[in-house]
Amino acid sequence: MRNLMYSLLISVFSIGLASAQEDGDRLIGVWQPSAGNAYVKIEKIGNKYYGRIVWLKEPNDENGKPKTDVNNPDESLRSTPLKGYRMLKDFVWDAEEKIWKDGTIYDPKNGTTYSCKIELTEENKIEVRGFVGTAVFGRTDVWTRLVKKK
C-alpha cells in the first residue's frame, strides 16, 4: 500500500513537472519582431531557450555581401554574419511567473547586450522586454509567431 501511494505521488509530481515544461516550450517557433526586418527562431537547448536570426529583409550590405555584426564591441566578431547569429541567450521558464527570464538579448543595431524577459500575451504574440538593471528601465517589443498557412 505504501509503495502504491509513493508511486501515485511520484506520478502526480511528474505530470505537473511535464506540464510546466510544456508551457515553457510554447516559446519554441519562428517569431517576427515588430519592425518586420528579421525572423528569429527560438529553440530549446537543454533546459534553456535561445533564439537566432534565420531571415533578414535586407540580408546584404551596400556592397552586396551578407550583413555582418559591424557594431559588435568586440572587433574580432564584427565579421560574424547576422544571419544565424544567436541574439537571444539563456532564457529559463518560470512556471510561477509565467515568463521566460534570466536571459539576454543582443541588439545588432548598436552592439549592446541587454537583460531580457519574455512573456506570452496571446498564442502567437510575445512581449520581449530588454532592459539595463531592472525591467523598469527598458523597452518592450511585440513579436508575432510565424504560422504555416494550411
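This passage looks at a buried arginine, the largest pocket and two aspartates with positive phi in a predicted model.

Arg145 sits in strand E8, which spans residues 138-145. Arg145 is buried, yet it goes without a salt bridge. The nearest side chain of opposite charge belongs to Glu123, 4.5 Å away, and a salt bridge needs a side-chain nitrogen within 4 Å of a carboxyl oxygen, so Glu123 doesn't make the cut. What the arginine side chain does have is polar company: it reaches the backbone oxygen of Ile28 at 2.8 Å, and a polar contact of 2.8 Å links it to the side chain of Asn124. Leaving aside residues up to four places away in sequence, Arg145 touches Arg26, Ile28, Gly29, Val30, Trp31, Leu120, Glu123 and Asn124.

Strand E8 turns up again in the largest pocket, where it gives the most to the lining, with four residues. The pocket has a volume of about 840 Å³. Its lining comprises 32 residues, and those closest to the centre are Asn37, Met87, Asp107, Pro108 and Lys109. Strands E3 (48-56), E5 (99-107), E7 (125-131) and E8 each chip in at least two lining residues.

On the backbone side, two aspartates have a positive phi. Asp90, in strand E4 (residues 86-94), has a phi of about 65° despite not being a glycine. Asp90 is partly exposed, with a relative accessible area of 32%. Asp102, found in strand E5, has a positive phi near 65° and isn't a glycine either. At 58% relative accessibility, Asp102 counts as exposed.

Terms used
Residues are numbered from 1 along each chain as its sequence is written. This is a predicted model: local features need pLDDT of at least 70, side-chain atom pairs count only at pLDDT 80 or more; totals for chains, interfaces and linings use all residues. Side-chain values use heavy atoms; hydrogens and water are left out. Buried means under 20% relative accessible area, exposed over 50%, partly exposed in between (1.4 Å probe, protein chains only). Lys and Arg count as positive and Asp and Glu as negative; His and the chain ends are not counted. A polar contact is a pair of N or O atoms within 3.5 Å; within protein, one must be able to donate a hydrogen and the other to accept it, and residues adjacent in sequence count only if both atoms are side-chain atoms. Contact means heavy atoms within 4.5 Å. On a 1 Å grid over the protein atoms alone, a cavity is a set of points where a 1.4 Å probe fits but cannot get out, and a pocket is an open set with protein on both sides within 12 Å along at least five of seven lines; lining residues have an atom within 4 Å of a point. Grid points are joined across faces, edges and corners, and a volume is the space filled by probe spheres set on the points.
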